[in-house]
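User: Hi! I am new to protein models and would like to learn how to read one. Could you take me through it step by step?

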Amino acid sequence: MPALLSLILLAGLVPVQEPSPEGPLAVGLPPDGYRSPATVIERLRRLGARPGVRVEAIAASPTGQPVLIASFGAEPGAGRPELLIVADPDGTRPIASQLALALCEHLAAGGSPLLERATVHVLAVANPDAATQAFAGKDAQRGAPRDEDRDARLDEDPAQDLDGDGLALWMRVPRTGGAWLPEAADPRAKRARDLSKGELGAFEMMREGLDADSDRAIAEDGRGGIQLEANWPHRWREHRPESGPYALSEPETRGLAGFVLARPGIALAIVLGSEDSLAAPPKGAASADTGTTEVLEADAYLHAVLGARLYEKDAARPRGAEAGHGNLADWLYFQAGIPTLESAVWSPPLDVAVPEGKDEAGEEAKLLRWADSVYGGRGFVAWRPFEHPQLGAVEIGGWKPLVAANPPIGELPGLVDRWSGFVDSLAGDFAQLSWEQVQVTALGGNVFEARATLVNTGLMATSTNMGLRTRRPLPARVQLELPEG
């Protein structure tokens with residue numbers, strides 16, 4: 001019976017015709033209409049000439065691109081909180097950098113109530129080399145060549161464009177007992193096999209490429225190496241090519257870490273990347289150790305309150321990726337003690353062109369319905385038969401670069417409006433200390449007893465509960481100054 005089942009499942013690999021382009025063909029695929037990373041960096045430089053704006057390079061990437069932070073508002077000082085915003089640390093979400101640049105222009109224009117209360121630092125292109133590669137339609141890779149497969153050869157087995165369509169996409173490789181099956185609702189989409197139902201998968205997914213070094217692995221040693229979002233100390237993984245030889249080995253991560261540690265006044269951080277803690281706020285963990293990725297229960301309230309403010313009741317919410325190892329947001333919270341909000345910025349809606357009755361489509365099939373309606377079928381390359389010189393009959397196709405994680409440029413103004421208002425609203429949320437119930441009693445002999453209660457009337461605490469454990473930043477210190485005489 002299993003052999004018969006496998007035969008039936010493999011029949012799902014017949015070529016599927018690409019849908020007819022019936023959508024609004026004038027809508028360009030990302031990054032059409034986006035500013036390139038180099039353009040964003042140049043615009044940040046120009047903003048530095050405006051009053052109240054300071055731009056500094058905290059590092060240079062391996063290719064020599066500057067890593068720039070723009071600061072807005074008065075110089076930091078005692079009692080003045082600071083906000084840090086970091087965009088696109090992965091290099092795969094140019095929408096995050098577009099949004100960050102728009103926030104910079106909003107702050108530089110003046111009038112934001114936030115700048116009356118706090119100093120704001122924005123790193124709009126956190127990973128310029130990877131972002132430049134992704135913007136050009138290539139894999140978001142950066143850094144020196146690495147030996148991912150430990151065969152003493154460097155970058156010898158990258159993804160390749162085998163079928164001549166100008167893109168290095170994916171291959172469906174027929175394999176009895178493979179991990180994947182085509183979705184019934186849309187055979188272009190895949191779903192994981194369900195072993196509890198006795199399902200045998202029909203194919204494996206591999207990058208489009210060859211086994212160039214005869215190690216029976218396809219496209220496993222691509223160009224470039226170290227990923228910035230695997231190079232931070234918290235949950236850093238040793239002996240992983242993407243992690244680097246040691247934590248903070250890369251100039252971009254080391255420069256940002258130095259910037260943060262030199263500014264103990266940073267009271268809140270926002271990371272615009274692949275993970276998200278605002279759209280679906282965490283409930284919080286009871287305790288933390290070296291492997292924890294969820295904020296402590298006592299600190300989770302901030303994500304819930306601010307998430308509800310950013311996304312109104314019926315607002316579309318992005319879907320974040322699974323927690324990664326060695327990322328920036330975890331280091332900021334678990335090691336530096338800074339409350340850190342994460343946002344994936346945008347995700348394709350899953351409720352487009354929903355059929356009547358029960359919707360049997362899985363997530364990828366729903367994503368394809370959205371892409372077809374917006375791009376007229378141009379966001380996904382339909383699977384086409386290809387005779388692979390080593391694997392035999394396969395199919396090549398898949399999502400075009402950047403489409404599934406970045407919106408059409410026409411959606412940027414709405415995101416900017418939402419986020420500009422959200423950032424401005426933070427002005428009243430920082431810790432605000434005041435003395436209450438002040439009582440002074442004369443004890444005689446020019447001696448007085450003073451009793452008072454120091455109260456925080458802001459939404460944010462003076463320190464996170466995680467910060468109390470790591471003693472970063474140091475607890476608030478009260479210094480009494482008496483009048484002369």
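Analyst: Happy to help; we will go through confidence, cores, enclosed spaces and backbone geometry in turn.

User: Where do I start, and what average pLDDT does the protein have?

Analyst: Start with confidence, since this is a predicted model. The average pLDDT is 90 for the protein, and 92% of the residues reach at least 70. Residues 1–23 have a pLDDT below 50, although the model gives this stretch 40 contacts beyond near neighbours in sequence. Where pLDDT is low, the predicted coordinates should not be read in detail.

User: Thanks! How many residues are in the largest nonpolar core?

Analyst: First the general idea: in soluble globular proteins, nonpolar side chains tend to be buried together. In this model the largest nonpolar core holds 72 residues, and Leu83 and Trp419 have the most contacts inside it. Helix H3 (residues 94–108) contributes the largest share of this core, ten residues. Another core lies apart from it, with 23 residues that include Val67, Ile69, Val260 and Leu328.

User: Which residues does Trp419 touch, leaving aside neighbours within four places in sequence?

Analyst: Trp419 is in contact with Leu99, Leu103, Ile270, Leu272, Leu278, Leu310, Tyr311 and Ser343. Try finding each of them in the view.

User: Next, the empty spaces. How many cavities of 30 Å³ or more are there?

Analyst: The search of the whole structure gives two. The largest cavity has a volume of about 80 Å³. Among the residues lining the largest cavity are Val67, Leu123, Trp232, Glu252 and Leu328. H6 gives the most to this lining, three residues. By class, the lining of the largest cavity has eight nonpolar residues, one polar and two charged.

User: And what lines the second largest cavity?

Analyst: The second largest cavity contains about 60 Å³ of space, and its lining includes Arg35, Asp88, Gln98, Val125 and Phe135. Helix H2 (37–47), H3 and helix H5 (128–135) each give two or more residues to that lining, and H3 gives the most, with three.

User: What about pockets? Which residues are closest to the centre of the second largest pocket?

Analyst: The second largest pocket holds about 1200 Å³ of space. Of its 44 lining residues, Pro264, Gly265, Thr462, Leu474 and Ala476 are the closest to its centre. Helix H6 (251–261), strand S9 (266–272), helix H7 (301–310) and strand S13 (433–444) each supply at least two residues of the lining. The lining of this pocket divides into 26 nonpolar, ten polar and eight charged residues.

User: Finally, the backbone. Which peptide bonds are cis?

Analyst: As a general guide, most residues other than glycine have a negative phi, and most peptide bonds are trans. Here the bond from Pro30 to Pro31 is cis, with omega near 10 degrees; Pro31 lies in the loop between helix H1 (2–10) and H2. Arg472 and Pro473 are also joined by a cis peptide bond, with omega about -10 degrees, and Pro473 sits in the segment after helix H11 (465–470).

User: What is the phi of His239, and is His239 buried or exposed?

Analyst: Phi of His239 is positive, near 60 degrees. His239 lies in the loop between strand S8 (201–207) and H6. His239 counts as exposed because its relative accessible area is 61%, and the cut-off is over 50%. Val345 has a positive phi too, near 75 degrees, and is in the loop between strand S10 (340–343) and helix H9 (363–375). Val345 has 4% relative accessibility, under the 20% cut-off, so Val345 counts as buried.

Conventions
Residues numbered from 1 in each chain as written. Heavy atoms only, no water. pLDDT = per-residue confidence, 0-100. Contact = heavy atoms within 4.5 Å. Core = buried A, V, L, I, M, F, W, Y, C linked by side-chain atoms within 4.5 Å. Buried < 20%, exposed > 50% of the residue type's maximum accessible area, 1.4 Å probe, protein only. Helix = DSSP H or I, 4+ residues; strand = E, 2+ residues; numbered from the N terminus. 1 Å grid on protein atoms, 1.4 Å probe; cavity = no way out; pocket = protein on both sides within 12 Å on 5 of 7 lines; lining within 4 Å. Points joined across faces, edges and corners; volume = space filled by probe spheres on them. Nonpolar A, V, L, I, M, F, W, Y, C, P; charged D, E, K, R; others polar.
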